[in-house]
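Work through the exercises below with the structure open. Each task is followed by a stepwise solution.

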Amino acid sequence: MLAVLHASQLVTLAGPARARSGPELTELGIISDGGLLVENGRISRIGKSDEIAGLCRPQTEVIDAGGCVVMPGFVDAHTHFVFAGDRLDDFEARARGESYEQIARRGGGIRSTVAATRAVSEEELLVQAKKRAGWMLQNGTTTAEAKSGYGLTIEDELKILRVIRRIGAETPLQTVATFLGAHAIPDEFRHDSASYVSQIIEQMLPRVAREELAEYCDVFCEHGYFDIDQTRHVLKAAKQHGFKLRMHVDQLTNGGGARLAAELNAATADHLEQTDADGIAALATSQVQPVLLPGSVYALGAKKYPNARTMIDAGLAVILATDFNPGSSPTAAMPMIISLAVTQMKMSPAEAISATTINAAASLNRATEIGSLDPGKRANFLICDCRDYRELAYWFGFSLVREVFVAGKQVTNFAG
Ligand code: NIG
Ligand code: FE
């Protein structure tokens with residue numbers, strides 16, 4: 001048994017095991033001088049410190065949180081952290097004024113990471129991914145969704161998905177896998193995207209489903225990548241194989257992707273920087289959860305952040321995630337995303353906390369397991385070096401996360 005006592009604020013997010021919207025987003029269930037009890041890796045009680053102290057037995061390990069904020073581990077609902085190499089040349093070219101699209105057209109971008117990822121073995125890919133899993137844990141992420149999409153052949157996509165599974169098994173970071181074979185048109189299909197779409201549908205989806213390597217299927221629906229019809233085609237087939245859907249939509253151009261997400265009843269529609277009022281209304285009709293990724297707007301040096309306030313006003317259960325990837329969002333840090341959400345998107349600190357914990361968990365179908373400090377849930381929690389949860393959004397550029405616990409065990413070796 002483990003007890004944590006004397007949190008200045010125990011940020012529980014206690015409440016229904018589902019996504020929160022509207023005013024619920026600001027209800028963090030804070031217990032001042034709070035504590036919690038962990039048994040068998042799960043939270044068994046939350047309450048005031050004196051109440052929790054009264055339940056301790058002689059053999060209970062007691063941790064004094066020393067007047068710090070204690071909160072649930074972050075759930076990062078959109079990442080592409082399994083890839084080889086980096087995109088330092090693209091990064092420097094953007095600083096010289098080239099755009100993400102221009103770099104992609106001349107062979108940089110996603111396709112250059114595909115070449116690097118194809119060239120390494122599963123073991124080498126795992127070594128690189130473990131280092132990044134360590135970065136995520138260190139910044140307070142205890143569960144991460146992770147997408148394939150840098151292989152674009154059956155074998156290379158399976159290789160990435162196996163690494164995602166192994167990260168979940170061999171490190172404290174819990175992973176949820178998404179198949180993103182439709183991330184870009186690979187070079188060998190450059191002039192025949194229709195054949196690549198057929199290959200995804202006829203060969204990749206059945207194989208990924210048979211090997212149970214992913215729960216979700218995603219498509220990069222964007223001009224120059226996969227158009228609306230191709231996206232619909234892939235995702236309808238994915239549904240028939242039992243995958244749930246997440247989608248990259250309206251990132252660089254407004255191509256009507258939000259409306260398609262609503263039509264297909266996707267779990268999430270992600271990015272949404274260019275989505276108009278009609279698109280937001282469509283999402284609201286189908287209760288699709290928006291996943292907002294301000295890290296990619298920031299790192300691309302763009303100005304247009306997604307319209308979080310309109311989405312919240314429309315009753316949508318917004319999520320914030322890193323989009324951790326080598327091209328458009330090289331960050332593992334949820335605290336940085338929270339800072340951007342508050343300063344650039346005018347979300348309140350409380351809304352940003354809900355959007356990075358319980359709402360993200362709900363979008364991954366894990367709201368009964370993680371995302372809040374409710375009795376019965378996995379004891380994934382953080383001790384942060386601050387007294388008030390708003391400090392997590394206020395101080396920026398470094399992490400206040402001091403200690404990370406996964407299933408009641410302190411994570412010490414962040415690289416697994
Ligand atoms: O979410 N938009 C597509 N995929 C990533 C970028 C991936 C990359 O540039 O490598 C994103 O921004
Ligand atoms: Fe992405």
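**Exercise 1. Classify the lining of the largest cavity.**

Solution. The model is predicted.
Step 1. Sort the lining by class: four residues are nonpolar, eight polar and two charged.
Step 2. Get the volume. The largest cavity holds about 100 Å³ of space.
Step 3. Locate the centre. Y100, I110, H183, N325 and S328 are the closest to it, out of 14 lining residues.

**Exercise 2. How many cavities of 30 Å³ or more does the structure hold? Describe the second largest.**

Solution.
Step 1. Count them: there are two.
Step 2. Give the volume. The second largest cavity encloses about 50 Å³.
Step 3. List the lining: P72, G73, V75, T142, T143, I370, G371, S372, R378 and N380.
Step 4. Sort this lining by class. Three residues are nonpolar, six are polar and one is charged.

**Exercise 3. Describe how helix α5 packs against helix α6.**

Solution. Two packed helices are described by the angle and the distance between their axes.
Step 1. Set the ranges: α5 spans residues 122-138, and α6 spans residues 154-170.
Step 2. Take the geometry. The two axes come within 10 Å and cross at roughly 50°. α5 is therefore oblique to α6.
Step 3. Assign the hand. The crossing of α5 with α6 is right-handed.
Step 4. Name the contacts. From α5 come E122, E123, L125, L126, A129, K130 and A133. They meet K159, I160, R162, V163, R166, I167 and E170 of α6.
Step 5. Sort the contact residues: seven are nonpolar, seven are charged and none is polar.

Note on methods. Residues are numbered from 1 along each chain as its sequence is written. Chains are lettered from A and ligands numbered from 1 in the order in which they are written. This is a predicted model: local features need pLDDT of at least 70, side-chain atom pairs count only at pLDDT 80 or more; totals for chains, interfaces and linings use all residues. Side-chain values use heavy atoms; hydrogens and water are left out. Axes are lines fitted to C-alpha atoms, for helices over the stretch in contact, and angles run from 0 to 180 degrees between N-to-C directions. Helices (H or I, at least four residues) and strands (E, at least two) are DSSP runs, numbered from the N terminus. Angles under 35 degrees count as roughly parallel, over 145 as roughly antiparallel, 65 to 115 as roughly perpendicular and the rest as oblique. A crossing is left-handed if the near helix is turned anticlockwise from the far one by less than a right angle, and right-handed if clockwise. Contact means heavy atoms within 4.5 Å. Ala, Val, Leu, Ile, Met, Phe, Trp, Tyr, Cys and Pro count as nonpolar, Asp, Glu, Lys and Arg as charged, and the others, Gly among them, as polar. On a 1 Å grid over the protein atoms alone, a cavity is a set of points where a 1.4 Å probe fits but cannot get out, and a pocket is an open set with protein on both sides within 12 Å along at least five of seven lines; lining residues have an atom within 4 Å of a point. Grid points are joined across faces, edges and corners, and a volume is the space filled by probe spheres set on the points.
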